[in-house]
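Hi everyone, thanks for making time today. Let me put the model up on the screen and then walk you through a few places in it.

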Amino acid sequence: GEQYYAPDMLSPFRSPPRYEVEEDPAFPPDGNWRAPTFRFDRDGVSTAPFESQSVIVRVKVDDYRWVGMFAEGVEGIYGVFATPDPGRVCCLSRGFAYVVDVADPAAGAEFAHFDTASVTPVPEADRLLLSGFLDITALGQGGVVWRSGRLVLDDLAIVETSRDRIICTGSIVPGVEEARVVLDAGTGQILEGEPPEWLRRL
């Protein structure tokens, strides 16, 4: 039968999600999901035929059920995560991060991040952070609320979070110059450790 569950990290935020998710449901033998099916790629929504290298989720919102297929990225993590917005879910397909309004999947997905290597909930700031090796995208009410731009040359790590601040480390010149960057959790503005201009232009 259908196995719905509240996905990982659904509980840390103030507003619990208004949906349930089944991750990687069994493909129906006759190919009919018996629910509206949506395919998402970097453009938000796709009419291309389904490919096997996609993450599949089945979502239940009240009495409405739908199936989403999410095209994979090149590298990164997989998973389904709650966002601070109880009506939006974040689906990660090999680093590609998509945010979908669970009540209106036909509107398409907001493409949030393309090489997500880690996901960090910051409930006290009402943020879900998607980070790669260079930058951070923050999700909040309504989906993406800020993007940091390139902060380091490589090896970005979030080392501390609070209601007000996100502290990151990384390398500017690998093995030579390390960086410590402090961001405003609410806005993504750089408070300390502004990256060099040449790095921001890359």
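Let's begin at Phe38: buried or exposed? In this predicted model, Phe38 has a relative accessibility of 15%, and since the cut-off for buried is under 20%, Phe38 counts as buried. Phe40 is buried as well, with a relative accessible area of 1%. The two rings, Phe38 and Phe40, form a stacked aromatic pair, with 6.4 Å from centre to centre and 25° between the planes.

Next, please look at Phe70 and Tyr98. Their rings also pair, but this pair is tilted, at 5.2 Å centre to centre and 55° between the planes. Phe70 belongs to strand S4 and Tyr98 to strand S7, so the pair ties together parts that lie 28 residues apart in sequence. Both of these residues are buried.

How many aromatic pairs does the structure hold? There are 9. Ring pairs also join Phe38, Phe40, Trp66, Phe70, Phe96, Tyr98 and Phe111 into a cluster.

That brings me to the nonpolar cores. The largest one has 20 residues, and those touching the most other members are Tyr19, Phe40, Val57, Val59, Trp66, Phe70 and Val89. At least two residues each come from S2, S3, S4, strand S5 (79-82), strand S6 (88-93) and strand S7 (96-101). Which strand gives the largest share? That is S3, with 4 residues. Apart from this core lies another, of 18 residues, including Val152, Leu156, Ile172 and Leu183. As general background, nonpolar side chains in soluble globular proteins tend to be buried together.

Now let's turn to a sheet further along the chain. Here 4 strands form an open, antiparallel sheet in the order S13-S14-S15-S16. Strand S13 (154-161) and strand S16 (190-192) are at the edges, each with a single partner strand, so one side of each has no neighbour in the sheet. On average, neighbouring strands of this sheet are turned by 35° against each other, ignoring direction.

Going through the pairings, S13 and strand S14 (residues 165-173) are antiparallel over 5 bridges. Within that pairing, Ile158 stands opposite Cys168 in S14, and Asp154 has Ser171 in S14 as its bridge partner. S13 and S14 make a hairpin, with 3 residues between them.

S14 also pairs with strand S15 (residues 177-184), again in the antiparallel sense, over 8 bridges. Thr169 sits opposite Arg180 in S15. This is a hairpin too, with 3 residues between the strands, and Gly175 in its turn has a positive phi of about 80°.

Speaking of positive phi, which residues show one without being glycine? Arg34 does, at about 55°, and Asp62 does, also at about 55°. Arg34 is in the loop between strand S1 (20-23) and strand S2 (37-40), and it is exposed, with a relative accessible area of 60%. Asp62 is in the loop between strand S3 (54-61) and strand S4 (64-71), and at 70% relative accessibility it counts as exposed.

Last, a word on confidence. The mean pLDDT of the protein is 90, and 91% of its residues reach 70 or more. Where does it drop below 50? Over residues 1-6, a stretch that has 16 contacts in the model beyond near neighbours in sequence. Where pLDDT is low, the predicted coordinates should not be read in detail. Thanks for listening!

Technical notes
Residues are numbered from 1 along each chain as its sequence is written. Side-chain values use heavy atoms; hydrogens and water are left out. Buried means under 20% relative accessible area, exposed over 50%, partly exposed in between (1.4 Å probe, protein chains only). Two strands pair if DSSP finds at least two bridges between them. Axes are lines fitted to C-alpha atoms, for helices over the stretch in contact, and angles run from 0 to 180 degrees between N-to-C directions. pLDDT is the predictor's confidence in each residue, from 0 to 100. Contact means heavy atoms within 4.5 Å. A nonpolar core is a set of buried Ala, Val, Leu, Ile, Met, Phe, Trp, Tyr and Cys residues joined through side-chain atoms within 4.5 Å. Rings of Phe, Tyr and Trp (its six-membered ring) pair if their centres lie within 6.5 Å; planes under 30 degrees apart count as stacked, over 60 as edge-to-face and the rest as tilted.
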